[in-house]
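This report examines the fold of one protein chain, from its general make-up to selected helices and sheets. Please keep the sequence and the structure in view while reading.

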Amino acid sequence: MQITSIPIVDYLRYCMNAARSKGFFWVMVLLSRERDNPRGFDDIARYWDSYGDLTGEKILFVMSARNDPQTNYNHHLEHSDCRYKRLGNTSFMIVNETHPPVLRWNYPNETQLKQLEEQAIYNTSSQVSSLLKMYRLSEADVPAILLIPTGGEDPNPIVLRHEMDIYGCIKSFIEYIEPSFRAFDDCQAQLYAKRREKEKLDKELRQCVVSKGVRKYIEAKDYINQAMLEMDSDTRNAVKTAIETKDLSICAKFSQPLRGILNRIIDIQVHSPKIMQGIENAPLIVKKIQQLDKEKKQLEKQINETGKQLNRLRIDTYKSARAFSQQRTYMEEKTMSQVNNKHFKIAFTFSGKYRGSIVEPVCNELLSRGSSKDDIFFDEWHSALINGINGSEKLKSIYFQQSDCVVVLLSPDYKERNWTGNIEWRAVKELINTGKGNRICLLGIDGVDVANIDGLYKYQDLYKRIDNMMPCEIADFLEEYCRENNLYLNK
């Protein structure tokens with residue numbers, strides 16, 4: 001097996017070329033590091049086959065991969081003629097069970113392969129960050145989904161940013177686009193059926209063989225019969241007599257082209273008995289050929305119209321994808337507008353295991369000290385605010401934008417929980433990445449090892465252990481933390 005590791009930007013370019021050559025609509029790219037979305041990684045890789053059953057050869061799905069070349073080699077691009085030659089990238093993999101090969105004339109030659117391999121080794125273009133730069137995305141946008149069209153109808157990719165539920169987002173997109181796919185498939189099936197019908201007509205036409213001599217005789221007779229309609233009775237009788245008696249001398253008195261055609265008819269009658277034997281059934285065959293030709297022309301017209309309809313449906317599918325993106329943007333803006341009307345002085349993120357034993361008593365203690373429920377984001381008190389299909393986006397906005405202080409109760413199961421590990425922590429980590437770490441108050445319980453939580457390796461000693469603290473003591477610490485960081489909990 002000859003696998004050449006190439007820069008990620010070049011790898012995506014070869015994916016696009018291969019997908020375009022096989023008629024794929026899009027290349028869907030998931031830009032995500034494994035620690036950003038560990039559960040989504042596994043779900044997508046495991047369940048894409050069920051998506052592929054619907055999408056067929058319309059979406060080539062490429063996603064960030066675990067850095068394991070031996071496992072991923074089956075997910076690389078193959079040479080169309082030499083299957084042992086493959087192009088790969090340690091950061092990316094193709095998820096489709098079957099994916100298009102790189103055509104031999106597009107596959108890089110030995111010199112190009114060497115250059116690409118050297119670039120992948122000696123520079124940073126094998127990393128996800130180079131694609132972020134290419135599509136003008138920031139680290140805060142990761143994970144993101146790119147939907148890149150292979151055709152020229154709409155060259156700009158659709159970028160779905162801030163996608164924490166990657167699996168759900170892809171599922172929503174495919175459900176949205178399904179009617180367009182179904183209509184396209186139905187039209188394509190009609191086109192294939194008409195083409196098969198035309199092939200049968202062509203085969204039948206080839207079997208309707210009439211010799212050249214028989215054709216000439218029939219054409220000559222048709223001409224004579226047509227001409228006789230315009231002749232006077234004497235000329236018509238003379239023509240009939242010449243044909244019946246096979247007398248060429250009678251033909252001499254006619255002008256061209258009538259004389260030549262009569263000579264041809266009489267010559268075939270006298271000197272070509274085999275042609276005369278085939279003439280008996282020839283009119284039926286010729287009539288059938290004419291009928292088949294007529295049907296063929298009608299089919300060709302239908303095929304042309306169906307092809308145009310197929311192209312229109314393909315464009316409509318691109319428009320549907322763009323509408324999906326715009327609809328999500330509208331819903332996100334609407335969601336943010338709803339959330340922006342709320343502002344909390346303090347917000348809690350925690351594993352549900354500690355709701356009744358730690359978080360709720362602390363919140364009640366803060367209430368007793370002058371705060372109101374409108375000042376404190378405790379999910380049970382604001383369930384209506386975060387309810388609905390955009391609940392994850394609302395939570396993210398609350399933690400990232402709508403709270404002065406975010407209290408993170410770190411526990412051994414915090415990172416493993418879907419909501420805390422994949423949604424709430426992403427908002428907290430974004431605060432860290434954007435230099436707003438002073439708004440984060442870290443509490444630790446049950447001997448949590450924060451080194452296992454992405455983004456906290458360098459803050460291992462900067463959290464408060466609260467295992468032996470009473471709710472009033474925790475509230476005292478939170479008030480002190482807010483004062484020290486000018487967050488004014490009791491303002």
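The sections below treat the whole protein, its two described sheets, and several helices.

## General make-up

The structure is a predicted model. The secondary structure of the protein amounts to 16 helices and 13 strands. Of the 491 residues in the protein, 47% are buried. The accessible surface is about 25,800 Å², and carbon and sulfur atoms account for 47% of that surface.

Contacts in the protein can also be sorted by distance along the chain. Among contacts between residues at least 6 apart in sequence, 74% join residues at least 24 apart.

## The sheet with mixed pairing

Strands of a sheet pair through backbone hydrogen bonds, in either a parallel or an antiparallel arrangement. One open sheet in this model has five strands in the order β6-β3-β2-β7-β8, and its pairing is mixed. Its edge strands are β6 (92–94) and β8 (158–160), each of which pairs on one side only. From one strand to the next, the twist averages 20°.

Within this sheet, strand β2 (residues 26–31) and strand β7 (residues 144–149) form an antiparallel pair with six bridges. Leu31 is found opposite Ala144 in β7. Helix α1 (residues 8–21) packs on the sheet, where it touches β2, β3 (59–64), β6 and β7. The direction of α1 makes about 155° with that of β2.

## The parallel sheet

A further open sheet is formed by five strands in the order β10-β9-β11-β12-β13, with parallel pairing. Strands β10 and β13 (464–465) stand at the edges with a single partner strand each, so one side of each has no neighbour in the sheet.

How much of β11 is buried? Seven of the eight residues of β11 are buried, and the strand is thus described as mostly covered. On one side, β11 runs parallel to β9, to which five bridges join it. Strand β11 also pairs with strand β12 (residues 440–444), in the parallel sense and over five bridges.

Individual residues show how these strands are matched. In β11, Val406 is the bridge partner of Ala347, and Val408 is the bridge partner of Thr349. Val406 also stands opposite Ile440 in β12.

Two helices lie across this sheet. Helix α13 crosses β9, β10 and β11 and runs at about 165° to β9. Helix α16 crosses β9, β11, β12 and β13 and runs at about 150° to β12.

## Two helices in detail

The table sets out the spans of α13 and α8.

| Helix | Residues | Number of residues | Span, first to last C-alpha | Expected span |
|---|---|---|---|---|
| α13 | 355–368 | 14 residues | 18 Å | 20 Å |
| α8 | 233–245 | 13 residues | 18 Å | 18 Å |

In α13, the span is close to the expected value, and the span of α8 is likewise close to its expected value.

The buried residues of α13 are Ile358, Val359, Val362, Cys363 and Leu366. These residues pack against β9 (344–349), β10 (376–377), β11 (403–410) and α16 (471–484). After α13 comes Gly370, which has a positive phi near 115°.

Which residues of α8 are buried? They are Ala238, Val239, Ala242 and Ile243. Seen down the axis of α8, the buried residues fall within an arc of 130°, so they line one face of the helix. An α-helix has 3.6 residues a turn, so residues three or four places apart point the same way. On the other side of α8, Asp234 and Glu244 are exposed. The buried residues of α8 pack against α7 (212–228), α9 (248–251) and α10 (258–271).

## A buried glutamate

Glu393 belongs to helix α14 (residues 391–400). Is Glu393 buried or exposed? The relative accessible area of Glu393 is 13%, and a residue under 20% counts as buried, so Glu393 is buried. Glu393 and Ala427 are 34 residues apart along the chain, and their C-alpha atoms are separated by 9.7 Å.

Technical notes. Residues numbered from 1 in each chain as written. Predicted model: local features only at pLDDT ≥ 70, side-chain atom pairs only at ≥ 80, totals over all residues. Heavy atoms only, no water. Helix = DSSP H or I, 4+ residues; strand = E, 2+ residues; numbered from the N terminus. Expected span 1.5 Å × (residues − 1). Buried < 20%, exposed > 50% of the residue type's maximum accessible area, 1.4 Å probe, protein only. Contact = heavy atoms within 4.5 Å. Pairing = 2+ DSSP bridges. Axes fitted to C-alpha atoms, helices over the stretch in contact; angles between N-to-C directions. Areas by Shrake-Rupley, 256 points an atom, 1.4 Å probe, with all protein chains shown as cover. Arc of directions from axis to C-beta.
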